[in-house]
Amino acid sequence: MRKPYVILIGSASGIGKSTIAAELARKLNIKHLIESDFIRAVVRGIIGNEYAPALHSSSYDAYKHIRNKNRYANYDELVSAGFDDHASYVIPGLEKIIQRAITDYDDIIIEGVHLVPGLINTEQFEDYANIYFFILSSDEESHKERFVKRAVEIHRGGKQLDFFRENRIIHDHLIAQAQANDVNIIRSETVESTLEKILGIINKSCTTVKLINTIDELEDVIDIIINRNKGTLEKITYNVKGFEEPLIRNIGVSDSESANRFIKSINENKDKKEYLSQLYELSDFRKTTICASNQEALDKIISELKEKEYVSDG
């Protein structure tokens, strides 16, 4: 039997994880979709407030129950520590649910703020399930807009809106933990583009081609791969003349904002553009690993690159 899918989607409040998780479950025909908030509610019924005040608080104000607050260097560290304490009570329950799904060979999606990279132990399940862990990110302005909208929808505006700063600290903490634990970070843009990125990792199709574009054509190459076809630039290998070992760059760029920011920095920084131009001149081609959400999407990217004669057939 194939290994079941276990898909974890975490983020701070107001990023859009619930919407993404529901759409992902529909697309993958996964019937088990669980919110970590439900597990928190169960655990609260078992462990009383007097024993775990952080659990009985919200994720964004659990820091108030931390003793000896002076040991934290700043407010961000204090809020993050309180959040971790809050989440740590929920995670054992989440791990039990994952174990049950694996035992029953059931695919499952779990979403929620309590999915903290480094706290939840996914390694114990890797031999028995296809584990995919995603943390959704957002720029502050978009986060605030979604956060306000969600707070109004669930009729908790007055309470939650006072804690946007704390939720933003949790956002940054989750991103840092994802980076430290090699968990996928997905920039939340439109529902369609976010799903495309997640599916691109779950159903990833990749290939390596020899790119021969010039530095001035780089913007068009990135536009074809990322902006127009929602692909990912995973790795670039430069076989530099005169050097035995190649220069390898693991980049993992998948979102339009990061790609466009890179192009802008190249166009505005003459030294950086000159350095990259020299690197291009020292290598006849660049082995580039490109990924997409499925083989059809990948074939379309390669076809468009070949049509522009950016790919070497040699």
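Select Y105 to begin: in this predicted model, Y105 is partly exposed, with a relative accessibility of 48%, and its place is the loop between α4 (91-103) and β3. Its backbone deserves a look, since the phi of Y105 is near 55°, a positive value in a residue that is not glycine. Most residues other than glycine have a negative phi. A second residue of this kind can be selected for comparison, namely K230, where phi is also positive at about 55° although K230 is not a glycine. K230 sits in the loop between α9 (218-228) and β7 (232-238), and with 35% relative accessibility K230 counts as partly exposed.

Return now to the loop that holds Y105 and follow the chain into β3, residues 108-112. Is this strand enclosed by the rest of the structure or open? Because 5 of the 5 residues of β3 are buried, the strand is largely enclosed by the rest of the structure. In a regular strand the side chains alternate between the two faces of the sheet. Colouring the two sides of β3 separately shows I108, I110 and G112 on one face and I109 and E111 on the other, and both faces are covered, with each of these residues buried.

Next, add the strands that pair with β3. Strand β1 (residues 5-10) is joined to β3 by 5 bridges, and the two run parallel; to locate this pairing, select I7, which stands opposite I109 of β3. Strand β2 (residues 32-35) also runs parallel to β3, to which it is joined by 4 bridges, and here the pair to select is E35 with its bridge partner in β3, E111.

With β3 still displayed, turn to the largest pocket, to whose lining β3 supplies at least two residues, as do α1 (17-28), α2 (36-46), α5 (140-153), α6 (157-160) and α8 (191-202). The space in this pocket comes to about 780 Å³. Which residues should be selected to find its centre? Of the 37 residues that line the largest pocket, S13, G14, K17, S18 and R150 lie nearest its centre. Colouring the lining by class gives 18 polar, 13 charged and 6 nonpolar residues.

The next selection is H86, which belongs to helix α3 (residues 75-88). H86 is buried, with a relative accessible area of 0%. Displaying its surroundings, and leaving aside residues up to four places away in sequence, one finds that H86 touches R40, R44, A54, L55, S57, S58, S59, A62 and H114.

The last stop is the disulfide, of which the structure holds 1. Select C206 and C291, which are joined with an S to S distance of 1.9 Å. The link is right-handed, with 105° about the S-S bond of C206 and C291. The two cysteines come from distant parts of the chain, 85 residues apart, with C206 in strand β6 (residues 205-211) and C291 in strand β9 (residues 286-292). Which of these two cysteines is buried, and which is partly exposed? C291 counts as buried, because its relative accessibility is 2%, whereas C206, with a relative accessible area of 39%, is partly exposed.

Terms used:
Residues are numbered from 1 along each chain as its sequence is written. This is a predicted model: local features need pLDDT of at least 70, side-chain atom pairs count only at pLDDT 80 or more; totals for chains, interfaces and linings use all residues. Side-chain values use heavy atoms; hydrogens and water are left out. On a 1 Å grid over the protein atoms alone, a cavity is a set of points where a 1.4 Å probe fits but cannot get out, and a pocket is an open set with protein on both sides within 12 Å along at least five of seven lines; lining residues have an atom within 4 Å of a point. Grid points are joined across faces, edges and corners, and a volume is the space filled by probe spheres set on the points. Ala, Val, Leu, Ile, Met, Phe, Trp, Tyr, Cys and Pro count as nonpolar, Asp, Glu, Lys and Arg as charged, and the others, Gly among them, as polar. A disulfide is a pair of cysteine sulfur atoms within 2.5 Å. Buried means under 20% relative accessible area, exposed over 50%, partly exposed in between (1.4 Å probe, protein chains only). Two strands pair if DSSP finds at least two bridges between them. Contact means heavy atoms within 4.5 Å.
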